[in-house]
Amino acid sequence: MSRDAVRAVCLGGYSLEVEFDNGERGMVNLDHLAQKGGLFSSFSDPDFFRQVTVDPELGVLRWPGGVDLAPEPVYHLATGKPAPSWAAVR
């Protein structure tokens, strides 16, 4: 079951509080993505990371330059509930 993000607030560092369309919310730390490089190399700049928004149509977390995260792995990390196998966060 897909859960779209409806709100994301940067709490400092790489931590976000994310609220989902079912009313659930939770904290997620994405520092592992900053270390991953590639598309997420921009996360190494804390000012860039703080620019997180939620795309209201797609329910994804979005940053400038086309960097985005699907809501399913974020939901799993924030709530501890199962994510689809394709949405594993590594």
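Trainee: Which residues have the most contacts inside the largest nonpolar core?
Mentor: A word on the model before we start: it is predicted, so local features need pLDDT of at least 70 and side-chain atom pairs count only at pLDDT 80 or more, while totals for chains, interfaces and linings use all residues. Residues are numbered from 1 along each chain as its sequence is written, and side-chain values use heavy atoms, with hydrogens and water left out. A nonpolar core is a set of buried Ala, Val, Leu, Ile, Met, Phe, Trp, Tyr and Cys residues joined through side-chain atoms within 4.5 Å, where buried means under 20% relative accessible area, exposed over 50% and partly exposed in between (1.4 Å probe, protein chains only). The core here has 22 residues, and those with the most contacts inside it are Leu16, Val18, Leu30, Phe43, Leu61, Trp63 and Leu69.

Trainee: What pattern does the protein follow along the sequence?
Mentor: Helices (H or I, at least four residues) and strands (E, at least two) are DSSP runs numbered from the N terminus. There are 3 helices and 6 strands in the protein. Read from start to end, the pattern is β-β-β-α-α-β-β-β-α.

Trainee: Which residues does Phe43 touch, not counting those up to four places away in sequence?
Mentor: Phe43 is among the core residues with the most contacts. Contact means heavy atoms within 4.5 Å. With the sequence neighbours set aside, Phe43 touches Tyr14, Leu33, Ala34, Phe48, Phe49, Trp63 and Val67.

Trainee: Over how many bridges do strand 2 and strand 3 pair?
Mentor: Two strands pair if DSSP finds at least two bridges between them. Strand 2 and strand 3 form a hairpin with 4 residues between them, and Gly23 in the turn has a positive phi of about 90°. Within the hairpin, Glu17 stands opposite Met27 in strand 3. The sense is antiparallel, and the number of bridges is 5.

Trainee: Which side chains along strand 3 point to one face and are buried?
Mentor: In a regular strand the side chains alternate between the two faces of the sheet. Strand 3 covers residues 25-29, and Arg25, Met27 and Asn29 point to one face and are not buried. Pointing to the other face, and buried, are Gly26 and Val28.

Trainee: Is Glu19, which meets Arg25 in a salt bridge, buried or exposed?
Mentor: A salt bridge is a side-chain nitrogen of Lys or Arg within 4 Å of a carboxyl oxygen of Asp or Glu. The side chains of Arg25 and Glu19 meet at 3.1 Å, N to O. Arg25 is partly exposed at 47% relative accessibility. Glu19 has a value of 18%, so Glu19 counts as buried.

Trainee: How many residues apart in sequence are the parts that Lys81 and Glu24 tie together?
Mentor: Lys81 forms a salt bridge with Glu24, with the closest N and O atoms 2.9 Å apart. Lys81 lies in the segment after helix 3 and Glu24 in the loop between strand 2 and strand 3, so the separation in sequence of the parts they tie together is 57 residues.

Trainee: What is the order of the strands in the open sheet of 3 strands?
Mentor: The edge strands are strand 4 (53-54) and strand 6 (67-69), each pairing on one side only. Strand 4 and strand 5 (residues 61-63) pair over 2 bridges, and Thr53 stands opposite Arg62 in strand 5. The pairing is antiparallel, and the order is 4-5-6.
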